[in-house]
Each structure stands twice: as C-alpha cells, then as structure tokens.
Amino acid sequence: QVQLVESGGGLVQAGGSLRLSCAASGRTFSSYAMGWFRQAPGKEREFLAAITWGGGSTSYADSVKGRFTISRDTAKNTVYLQMNSLKPEDTAVYYCAAKRGDYSGPFDYWGQGTQVTVSL
C-alpha cells in the first residue's frame with residue numbers, strides 16, 4: 001500500500017522560504033510520478049508541480065514557476081518542494097500525491113497534507 005507522509009510545513013514571513021518533504025513507501029516508485037498540490041480555505045485543490053521518479057522530468061503551474069522547485073531523492077524515496085519568495089496567498093494545506101506512469105491525468109495516492117502559513 002502506498003503511503004505518503006508530508007512534513008516541513010509551518011509559519012513563515014512573506015519573502016521567506018520553506019522546503020516540504022514527502023516520504024514515500026509501499027512501492028518501488030521508479031515508474032511513478034509524484035506531485036505537489038495545495039488547497040486554500042474555500043478554494044479548489046490546485047496543482048503546483050510534478051516530477052517523474054525515474055527520469056526526473058518536471059512540470060510546474062504558472063503560478064509557482066520560478067519560485068518553487070520540485071526534486072526527488074531516489075535513495076531516500078523522498079520528494080521535495082522548495083518554496084522561495086513566499087507570499088500570503090501561498091497559505092494553504094500542501095499535499096503530496098503519486099500516480100503510476102507520467103504526471104498527466106489524475107493522481108491516485110495522497111498524503112495527509114501539511115499546513116503552510118505565510119504572514120505579512
């Protein structure tokens with residue numbers, strides 16, 4: 001069974017940085033894609049970034065391109081989201097997700113989420 005556990009969320013001032021981690025277990029993930037999403041209160045879940053586990057190909061939403069970077073450590077089975085130049089509108093619950101194949105289409109497995117709050 002796939003398990004995804006996020007960590008690294010917290011409170012940060014605007015302009016600051018955070019790095020989220022997602023520890024994945026329960027599968028050999030070489031043929032999987034991993035993604036990061038977020039959901040703010042009263043808003044729909046939003047795609048942020050994705051990466052293929054094997055080749056490391058990446059995709060980003062326009063809203064975070066240039067500020068957020070997704071990466072993975074295959075030895076640690078961990079995916080990261082480095083977030084720089086954070087803004088109050090980045091405040092949300094951030095989720096890690098996984099799916100077989102490439103990062104197009106819906107994701108099948110989800111973590112429990114980690115809260116990120118950006119203050120002025």
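Author: Let's start with a term: accessible areas come from the Shrake-Rupley method with a 1.4 Å probe, and for residues only the protein chains shown count as cover. On that basis, the surface of this chain comes to about 6,000 Å², with 47% of it belonging to carbon and sulfur atoms. Keep in mind that this is a predicted model, where local features need pLDDT of at least 70, side-chain atom pairs count only at pLDDT 80 or more, and totals for chains, interfaces and linings use all residues. Residues are numbered from 1 along each chain as its sequence is written, and side-chain values use heavy atoms, with hydrogens and water left out.

Reader: What makes up the secondary structure of the chain?

Author: It comes to 0 helices and 11 strands. Both are DSSP runs numbered from the N terminus: helices are H or I with at least four residues, strands are E with at least two.

Reader: How do you know how compact the chain is?

Author: Set its radius of gyration, 13 Å, against the 14 Å that the globule rule gives for 120 residues: the two are close, so the chain is as compact as a globular protein of that length. The radius is taken over C-alpha atoms, and the rule is 2.2 Å times the number of residues to the power 0.38. The C-alpha trace spans about 40 × 25 × 25 Å along its principal axes.

Reader: Why is Arg38 called buried?

Author: Buried means under 20% relative accessible area, exposed over 50%, and partly exposed in between (1.4 Å probe, protein chains only). Arg38 has 8% relative accessibility, so it counts as buried. Glu46, at 28%, counts as partly exposed. Across the chain, buried residues make up 42% of the 120 residues.

Reader: What makes the contact between Arg38 and Glu46 a salt bridge?

Author: The term needs a side-chain nitrogen of Lys or Arg within 4 Å of a carboxyl oxygen of Asp or Glu. Arg38 and Glu46 meet at 2.8 Å, N to O, so the pair fits the definition. The structure holds 4 salt bridges. Another one joins Lys65 and Asp62, with the closest N and O atoms 3.3 Å apart, and both of these residues are exposed.

Reader: What does the salt bridge between Arg67 and Asp90 tie together?

Author: The side chains of Arg67 and Asp90 meet at 2.8 Å, N to O. Arg67 lies in the loop between β6 (58–60) and β7 and Asp90 in the loop between β8 and β9 (92–100), so the pair ties together parts that are 23 residues apart in sequence. Arg67 and Asp90 are buried. Arg38, Glu46, Arg67 and Asp90 are linked in a network of salt bridges.

Reader: How do you know that β7 and β8 pair?

Author: Two strands pair if DSSP finds at least two bridges between them. Strand β7 (residues 68–73) and strand β8 (residues 78–83) have 6 bridges, in the antiparallel sense, so they pass that test. Arg72, for instance, stands opposite Val79 in β8. The two strands form a hairpin with 4 residues between them.

Reader: What makes Asn77 in that turn worth a look?

Author: Most residues other than glycine have a negative phi. Asn77 has a positive phi of about 55° although it is not a glycine. With a relative accessible area of 24%, Asn77 is partly exposed. Ser85 also has a positive phi, of about 50°, and is not a glycine. Its place is in the loop between β8 and β9.
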